[in-house]
Amino acid sequence: MGDHKEQSLRVGAAVRRRRRALELTLAAVAERSGLSVPFLSQIENDRARPSRSSLEKVADALRTTAVELLAAADPACSVDVVRAEDVEPLPRPRTRSLVRGHHQMHASEFLGDHDAGREFQYRNDQLMYVADGAVEIEAEGRAYRLGRGDTLYLTGGVRHRWRATESDTRVIVVAVAEHIEAVRDRPRR
């Protein structure tokens, strides 16, 4: 149960990643493939499953093959369990991913101390939750002290660094995945 190998594949994210890697717009892929922009958008958002013929047209437009797109596809699972015992014990500090595959959300667990000298800046928003222990976070020139159960929300682009201030600290970081482009609403005119 919950094993990715049992699930069908979602090719949308693989198509989007490949298109963005080539710096192509949906309109350019539509022109090259002969498929419509709305249909391509539905494929990328996994709202439509392309036929073999359509997938080959998309692959040709992206200078790849349907086989390569399928190999890069995400398992289509709506439920996936990542168990604590699935991870080999590592010396502390330790980081483990809590979400498998290329999804719209990314989550990691940090155990133990953390490199306080390392500065982070993510394109998309993130939430930090202190499950155990305590941390200090420096963001936008201010220091924040968080204890067990506290959260800190950072919008995309905010430079920050953090460190554990107690042993056995456990921090959960949840973020919009980097391969998803979160854009801010533009003011209407």
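This is a short walk through one predicted model, starting with the chain as a whole and then going through its helices, its cores and its strands.

First, the overall figures. The chain has 5 helices and 10 strands. It runs to 189 residues, and 38% of them are buried. If you take the contacts between residues at least 6 apart in sequence, 66% of those join residues at least 24 apart.

I'll begin with the helices, and with α2, residues 26-33. The buried residues in α2 are L26, V29, A30 and S33. Looking down the axis of α2, these fall within an arc of 105 degrees, so they line one face of the helix. What do they pack against? The buried residues of α2 have α1, α3 and α4 as their packing partners. After α2 comes G34, with a positive phi near 80 degrees.

Next is α3, residues 37-44. S36 caps its N-terminal end, with a side-chain oxygen 3.1 Å from the backbone nitrogen of F39. Within the helix, L40, I43 and E44 are buried. Their arc around the axis is only 95 degrees, which puts them on the same side of α3. That buried set packs against α1, which spans 12-21, and also against α2 and α4. The residue to look at after α3 is D46, where phi is again positive, near 55 degrees.

Now the nonpolar cores. There are 17 residues in the largest one, and the members touching the most others are V11, V15, L40, V58 and L69. Which helices feed this core? At least two residues come from each of α2, α3, α4 and α5, where α4 is 52-61 and α5 is 66-71. The largest share is from α4, with 4 residues. A second core lies apart from this one; it has 14 residues, including F110, F120, V135 and W162. As general background, nonpolar side chains in soluble globular proteins tend to be buried together.

V15 is worth a stop on the way. Setting aside neighbours within four places in sequence, V15 contacts I43, E44, V58, L62 and L69. Two of those names, I43 and E44, are on the buried list for α3.

One loop position before the strands. A72 sits in the loop between α5 and β2, and β2 is residues 74-75. Is A72 buried, exposed or partly exposed? Its relative accessibility is 36%, and the partly exposed class runs from 20% to 50%, so A72 counts as partly exposed. Not counting residues up to four places away in sequence, A72 touches A14 and R17. A72 and A14 are 58 residues apart in sequence, but their C-alpha atoms are 5.5 Å apart in space.

On to the strands. Take β3, residues 94-97, where R94 and R96 are on the covered face and T95 and S97 on the uncovered one. In a regular strand, side chains alternate between the two faces of the sheet. β3 pairs antiparallel with β4, residues 105-111, over 4 bridges. Within that pairing, R94 has L111 of β4 as its bridge partner.

β4 also pairs with β10, residues 170-176; that pairing is antiparallel and has 7 bridges. Here H106 is bridged to A175 in β10. β10 in turn pairs with β5, residues 126-132, antiparallel over 6 bridges. On that side, Q126 stands opposite A175. So much for the neighbours of β10.

The last item is an open sheet of 3 strands, in the order β7-β6-β9, with antiparallel pairing. Which strands stand at the edges? They are β7, residues 142-147, and β9, residues 160-164; each has a single partner strand, so one side of each is left without a neighbour in the sheet. From one strand to the next, the twist averages 20 degrees. The pairing of β6, residues 134-139, with β9 is antiparallel and runs over 5 bridges. One of the bridged pairs there is E138 with R161 of β9.

To go back over the main points: the largest nonpolar core has 17 residues, with α4 giving the largest share. The other core, of 14 residues, lies apart from it. The open sheet has β6 between β7 and β9. That is where I'll stop.

Conventions:
Residues numbered from 1 in each chain as written. Predicted model: local features only at pLDDT ≥ 70, side-chain atom pairs only at ≥ 80, totals over all residues. Heavy atoms only, no water. Pairing = 2+ DSSP bridges. Axes fitted to C-alpha atoms, helices over the stretch in contact; angles between N-to-C directions. Core = buried A, V, L, I, M, F, W, Y, C linked by side-chain atoms within 4.5 Å. Buried < 20%, exposed > 50% of the residue type's maximum accessible area, 1.4 Å probe, protein only. Contact = heavy atoms within 4.5 Å. Arc of directions from axis to C-beta. Polar contact = N/O pair within 3.5 Å; in protein donor to acceptor, adjacent residues only side chain to side chain.
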